[in-house]
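Biologist: Before I rely on any label attached to this chain, I would like to hear the reasoning behind it. Could you take me through it with the structure in view?

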Amino acid sequence: MILSGEFQGNHLNELKVLALFFHFESDVFLQRVPNIEKLEVCDGSFKETFCFDSLNVDEDGLVSQLKVICWDSLPELVSIGSENSGIVPFLRNLETLQVISCLSSINLVPCTVSFSNLTYLLVQNCKSLLYLFTSSTARSLGQLKTMEISWCDSIEEIVSSTEEGDESDENEIIFQQLNCLELEGLGKLRRFYKGSLSFPSLEEFTVMYCERMESLCAGTVKTDKLLEVNINWGGDVIPLETDLNSAMQNR
């Protein structure tokens with residue numbers, strides 16, 4: 001009834017949380033729930049979640065409301081949105097993003113996406129994922145506090161260094177607010193990023209079952225507050241006596 005426009009009136013204007021468990025026309029559906037703040041989509045069969053061919057988004061509408069997205073068990077999902085889909089303003093105020101068991105996704109989002117308000121990121125069991133972000137998107141993560149990446153068998157880098165201007169090992173990315181970083185079960189992960197990294201607020205760092213990862217980055221890594229790390233297979237926490245790259249190489 002909602003999709004066909006038979007659900008009349010303003011009854012859906014107060015809807016804040018919506019969970020969907022089927023294949024649906026996302027662009028059309030979201031026009032009916034203009035004030036939604038949390039969207040969960042599970043067990044769908046589509047390849048792209050938002051095309052926005054017909055959806056008219058503006059800063060006073062839907063894009064200013066949505067704060068939480070969870071994609072779970074979408075085996076054919078390739079991307080949250082394409083470069084030309086209008087996804088960029090749609091995600092501007094997003095605070096939480098969870099992507100779980102999206103088995104066909106090669107990269108998380110288009111390279112032009114900015115996550116200036118994102119505070120929590122969880123990516124789990126995405127078997128085809130090669131990297132999470134380009135460096136330009138990573139630099140927008142100034143508010144990110146928690147990043148948990150686990151059991152993504154194909155991922156080689158967290159931040160891709162393929163963009164023009166990222167050839168230098170000293171090209172630094174600063175995660176200003178990141179407090180907790182967990183990397184687990186990433187069998188092909190070689191490094192977090194090619195350049196240098198700075199984590200001024202990092203207090204919890206875990207890396208387990210990442211056999212090919214010898215260092216966090218090729219450049220320097222700064223961790224002003226980090227006192228101990230969990231980087232071995234037994235789950236023991238050890239003091240950080242040197243820089244993080246050296247600690248990982250000596251584990």
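Modeller: The turns below take up confidence, burial, polar contacts and strand pairing.

Biologist: What makes the confidence differ between the elements of the chain, in terms of pLDDT?

Modeller: This is a predicted model, and the chain averages a pLDDT of 79, with 72% of the residues scoring at least 70. Among the elements, helix H1 (residues 26–31) has the lowest mean pLDDT, 56, whereas strand S7 (residues 146–150) has the highest, 97.

Biologist: How many contacts beyond four places in sequence does the model have for residues 52–63?

Modeller: The model has 26 such contacts for residues 52–63, but pLDDT stays under 50 over that stretch. Where pLDDT is low, the predicted coordinates should not be read in detail.

Biologist: Why is Ser140 called buried?

Modeller: Buried means under 20% relative accessible area, and Ser140 has 14% relative accessibility, so Ser140 counts as buried. Ser140 lies in the loop between helix H3 (135–138) and S7, and, leaving aside neighbours within four places in sequence, Ser140 is in contact with Val113, Ser114, Phe115 and Ser116.

Biologist: How do you know that the side chain of Ser140 makes polar contacts with the backbone of Phe115 and Thr137?

Modeller: The cut-off for such a pair of N or O atoms is 3.5 Å. A polar atom of the Ser140 side chain lies 2.9 Å from the backbone nitrogen of Phe115, and a polar atom of that side chain lies 2.6 Å from the backbone oxygen of Thr137. Both distances are within 3.5 Å, so each pair meets the distance criterion.

Biologist: Is Ala138 buried or exposed, and why?

Modeller: Ala138, which has its place in helix H3, has a relative accessible area of 0%, and therefore is buried, the limit being under 20%. Not counting residues up to four places away in sequence, Ala138 touches Phe133, Val159, Ile173 and Phe175. Ala138 and Ser160 are 22 residues apart in sequence, and their C-alpha atoms are 9.2 Å apart in space.

Biologist: What makes S11 and S13 count as paired?

Modeller: Pairing requires at least two bridges between the strands, and strand S11 (residues 196–198) and S13 are joined in the parallel sense over two bridges, so the requirement is met. Leu197 has Val221 in S13 as its bridge partner.

Biologist: Why are S9 and S13 called edge strands?

Modeller: Three strands form an open sheet in the order S9-S11-S13, with parallel pairing. Strand S9 (172–174) and strand S13 (221–222) each pair on one side only, and are the edge strands.

Note on methods: Residues are numbered from 1 along each chain as its sequence is written. This is a predicted model: local features need pLDDT of at least 70, side-chain atom pairs count only at pLDDT 80 or more; totals for chains, interfaces and linings use all residues. Side-chain values use heavy atoms; hydrogens and water are left out. pLDDT is the predictor's confidence in each residue, from 0 to 100. Helices (H or I, at least four residues) and strands (E, at least two) are DSSP runs, numbered from the N terminus. Contact means heavy atoms within 4.5 Å. Buried means under 20% relative accessible area, exposed over 50%, partly exposed in between (1.4 Å probe, protein chains only). A polar contact is a pair of N or O atoms within 3.5 Å; within protein, one must be able to donate a hydrogen and the other to accept it, and residues adjacent in sequence count only if both atoms are side-chain atoms.
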